[in-house]
Amino acid sequence: MKILVCISHVPDTTSKINFTEGDTKFDTTGVQFVINPNDEFGLTRAMWFKEKQGASVDVVNVGGPETEPTLRKALAIGADAAIRVNTAATDGFAVAQQLAKVVQDGGYDLVIAGRESIDYNGGMVPGMLAGLIKANFVTNCISLEVEGTNVKAVREIDGGKETVSTSLPLVIGGQKGLVEESDLRIPNMRGIMMARQKPLKVVEPVDANTETASVKFEKPAPKGAIKLIDPDNVEELVNLLHNEAKVI
Amino acid sequence: METKDKELLRGGQFLVKETKCEDVFTPEDFSEEQKMMKEAVMEFNEREIIAHKARFEAKDFAFTEEVMRKAGELGFLGVAVPEAYGGLDMGFVSTLLVCDYISSGTGSFSTAFGAHTGIGTMPITLYGTEEQKQKYVPKLATGEWFGAYCLTEPGAGSDANSGKTTATLSEDGKSYKINGQKMWISNAGFCRLMIVFARIENDKNITGFIVEYDKDNPNGITLGEEEHKLGIRASSTRQVFFNDTVVPVENMLAGRGEGFKIAMNALNVGRIKLAGACLDSQRRILTTAVQYANERKQFNTPIADFGAIKYKLAEMAASAYAGESATYRAAKNIEDRIALRVAAGNSHQEAELKGVEEYAIECSILKVAVSEDVQNCADEGIQIFGGMGFSEETPMEAAWRDARIARIYEGTNEINRMLSVGMLVKKAMKGHVDLLGPATKVQEELMGIPSFETPDYSELFSEEKEMIAKLKKVFLMVAGAAVQKFGPDLEEHQQLLIAASDILIEIYMAESAILRTEKNAKRFGEDAQAVQIAMAKLYLYNAVSIVEKNGKESIISFAEGDEQRMLLMGLKRFVKYTNYPDIVDLRIAIAEKVKAENKYCF
């Protein structure tokens with residue numbers, strides 16, 4: 001089985017979020033980037049397929065050279081080879097088209113993507129990719145078993161779980177549950193040294209349609225000051241909630 | 001770029017030669033691979049150590065062993081070991097980096113890690129025969145076996161060569177019988193191999209042996225109970241008793257009587273690694289302290305906004321920054337020196353041995369400086385936490401207790417202070433470092449009339465670098481006069497040696513912080529390095545006062561009359577700034593940055 005794991009290069013969850021250029025660009029100054037957590041669950045599951053079922057695991061990212069350390073980390077964790085499509089990842093549809101080309105060229109049976117990246121939270125790429133390459137698609141995937149070309153997957157649904165059966169070729173939108181946080185792997189020293197020797201292929205992008213463009217970003221309004229009101233002064237509380245906060 | 005022999009400073013030469021900022025390695029020079037290693041180690045520390053902090057504090061020795069095994073599985077124990085013996089041969093900077101970032105979770109683990117990878121493994125990689133290395137090192141590098149280092153005895157601590165443990169050759173000449181008692185042995189409870197030092201007959205010097213220890217077949221080895229210690233509570237520390245322990249002759253390390261040399265050289269590596277091991281503790285203490293100070297309100301104000309707390313945050317940051325700067329500077333010197341020796345045809349073993357030995361002075365300096373900085377940081381950390389800092393519920397008290405041992409083991413700070421100056425004087429006598437020439441020049445300068453010109457200080461650090469040059473003159477003046485006065489008896493004057501070493505230490509640390517910052521300011525711009533510039537200036541300012549105090553005490557102790565007056569005048573001249581930095585402003589700038597980032601962010 002040939003597996004491709006899509007790796008997004010996203011800000012660490014503790015990063016401070018700021019925007020530049022008139023709130024149209026994310027400010028990367030001082031930001032630490034990591035493998036998108038949903039993708040890391042998928043990568044860890046892929047390593048299981050590699051070790052238990054002899055699958056090969058490649059990783060791919062659509063992005064500039066600055067994303068290579070993230071791909072190298074995936075190699076250090078144990079992926080066999082990495083591909084970087086040399087273009088900025090701006091629009092979900094454009095990214096899906098780039099990935100479709102990589103999947104078609106590489107003849108992958110299973111594509112494991114995160115159900116969404118934690119930076120822009122588009123959540124569109126896995127579904128569109130499945131559509132473009134005419135593969136089956138399961139998203140919000142929390143468990144994945146493959147026997148031959150038969151697949152049993154479990155999806156998280158509101159308030160419960162759904163077990164589905166499907167077959168390869170398949171794209172999944174994975175998340176926590178594929179493996180647990182305690183299963184995530186710390187790259188070992190030998191893995192880190194070997195990552196240097198593993199192939200990291202840079203491919204030029206294909207022409208792709210960009211269907212959306214960011215106009216501006218906004219942060220949530222900062223929390224206002226807190227007013228403390230004496231417990232005996234209920235009237236004042238009601239007055240403020242009604243006239244100032246306008247919530248009652 | 002290849003490093004040329006003559007470009008690379010020898011150990012101790014920093015004192016008499018100017019180092020260019022381009023020639024120092026800084027933490028900002030880590031390769032992509034090293035950054036990945038750092039992240040991997042930090043993740044390990046968070047997940048496997050910090051998440052289980054309470055177990056370490058509850059003296060769960062078995063857990064320490066379990067985490068050590070996990071560290072072995074991830075390759076952290078074999079970073080410094082040559083590939084031929086199952087290690088990763090990653091170079092000295094990477095070795096130090098792993099040691100740095102793995103050590104901040106708890107002193108219990110960092111001690112187990114340091115004792116195993118350093119003094120438990122290094123004596124064999126550095127002095128072992130091919131057979132010994134093949135047999136033992138792969139097991140140690142992967143964590144299949146753990147090592148312990150048995151040097152200290154009840155009556156032989158700092159005076160390590162005075163041990164009473166004996167090794168007696170058997171009649172058939174095939175083995176030695178070891179008898180004696182060792183104490184304060186780290187990792188004793190779970191080790192499978194011990195490096196044991198014992199005396200053969202009436203030899204002047206002790207001899208090292210590799211002794212296997214199998215609990216099921218103890219071969220005359222018994223362990224005392226676990227010691228109950230102030231800190232590093234889950235680090236196994238026991239006495240080890242040898243009663244007719246039979247060791248095959250082929251397990252002797254290096255030659256007969258070579259043990260003291262092994263012991264001392266293993267400690268050189270141990271010292272710089274101990275400095276590394278204190279660095280991330282310092283960063284973590286500061287981060288924990290500033291997070292608390294930003295949250296904790298008194299008088300309706302986060303305490304981080306008070307000047308009294310800003311003072312502490314700034315001083316803690318500056319000392320951590322200087323510690324990093326100096327430790328990685330020396331680590332790269334060692335790595336380059338090893339590479340030079342390998343290129344010149346030395347075996348890896350010999351190159352490593354001589355490479356580290358070359359910088360033994362710097363290793364001692366770092367051990368003293370960083371172990372004291374982490375202690376001060378932890379102390380101020382408790383103070384920032386106030387009453388909560390005194391409680392076991394917050395991490396500060398454990399950090400403080402764990403930091404305390406760093407001033408004692410790997411040679412006490414007193415021994416290391418005296419060693420640093422002693423070694424420098426010896427190097428000068430051997431002609432490896434020319435102290436006499438520069439010292440004579442300083443004496444001539446003292447007799448001459450000082451220049452009254454005001455130099456141009458517009459370039460970054462021009463005045464600070466001139467200050468460093470002047471502090472070096474203080475050392476040469478004080479040490480030069482003391483050597484003239486006492487000659488070989490100088491070593492009897494311990495207070496003087498310690499004062500001189502404090503001057504030496506401050507020079508190295510302050511210079512390292514300045515060089516790192518200068519290098520980065522050239523690359524990243526002065527604006528981007530504004531806070532680092534403030535830290536380097538603050539560190540230097542503090543260094544100048546320490547130098548002045550120690551210089552003054554020394555001069556008064558050994559010089560009288562006109563000589564005393566002349567030396568004190570010189571001292572005054574050498575510790576004088578033309579433009580004094582506004583230290584209060586510098587501290588505020590540093591503290592504001594740390595506050596805004598809510599962590600040590602350099």
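Let me begin where the two chains meet: the contact draws 22 residues from chain B and 18 residues from chain A. Within chain B, the residues that lose the most area to chain A are B:Glu33, B:Met36 and B:Arg47, and together they give 32% of what that side buries. I should say at once that this is a predicted model, and that every value I quote this morning is computed from it.

Taking the two sides together, the area buried between chain B and chain A is about 1,700 Å², and carbon and sulfur atoms give 60% of that area. There is also a charged component to the contact, since the rule finds three salt bridges across the interface of chain B and chain A. A pair that joins the two chains is A:Arg72 with B:Glu32, whose side chains meet in a salt bridge at 3.9 Å, N to O; with a cut-off of 4 Å for such a pair, I would ask you to keep that distance in mind when you look at it.

Let me turn to chain A by itself. Its secondary structure comes to six helices and 13 strands, and its C-alpha trace spans about 70 × 40 × 40 Å along the principal axes. Of the 248 residues in chain A, 42% are buried, and if we take the contacts in chain A with a separation of 6 or more, 69% of them are between residues 24 or more positions apart. The accessible surface of chain A comes to about 13,300 Å², with 50% of it belonging to carbon and sulfur atoms. As for charge, chain A carries 26 positive and 33 negative side chains, and the centres of these two sets lie 7 Å apart.

Now to the salt bridges more broadly, of which the structure holds 53 over all chains. I have picked out some pairs in chain B, beginning with B:Glu48 and B:Lys70, where the closest N and O atoms are 3.0 Å apart. Which parts of chain B does this pair tie together? B:Glu48 lies in helix H1, residues 32–49, while B:Lys70 lies in helix H3, residues 61–73, so the salt bridge ties together parts that are 22 residues apart in sequence. The two partners also differ in their exposure, because B:Glu48 has a relative accessible area of 15% and is buried, whereas B:Lys70, at 29% relative accessibility, counts as partly exposed.

The next pair sits within a single helix: B:Glu57 and B:Lys53 meet in a salt bridge at 3.9 Å, N to O, and both lie in helix H2 of chain B, residues 53–57, four residues apart, which is about one turn of the helix. Here B:Glu57 counts as buried at 16% relative accessibility, and B:Lys53 is partly exposed, with a relative accessible area of 21%; the line between the two classes is drawn at 20%, so I would read that contrast with some care.

Finally, B:Arg283 forms a salt bridge with B:Asp280, with the closest N and O atoms 2.9 Å apart. These two are three residues apart in helix H8 of chain B, residues 259–295, and so they are separated by about one helical turn. Are the two partners buried or exposed? Both B:Arg283 and B:Asp280 are buried. This pair also belongs to a network of salt bridges that links B:Glu28, B:Asp100, B:Asp280, B:Arg283, B:Glu324 and B:Arg516, and with that network I will stop.

Note on methods:
Residues are numbered from 1 along each chain as its sequence is written. Chains are lettered from A and ligands numbered from 1 in the order in which they are written. This is a predicted model: local features need pLDDT of at least 70, side-chain atom pairs count only at pLDDT 80 or more; totals for chains, interfaces and linings use all residues. Side-chain values use heavy atoms; hydrogens and water are left out. Buried means under 20% relative accessible area, exposed over 50%, partly exposed in between (1.4 Å probe, protein chains only). Contact means heavy atoms within 4.5 Å. Accessible areas come from the Shrake-Rupley method with a 1.4 Å probe; for residues, only the protein chains shown count as cover. Lys and Arg count as positive and Asp and Glu as negative; His and the chain ends are not counted. The place of a charge is taken as NZ of Lys, CZ of Arg, CG of Asp or CD of Glu. Buried area is the accessible area (1.4 Å probe) that two parts lose on being put together, summed over both.
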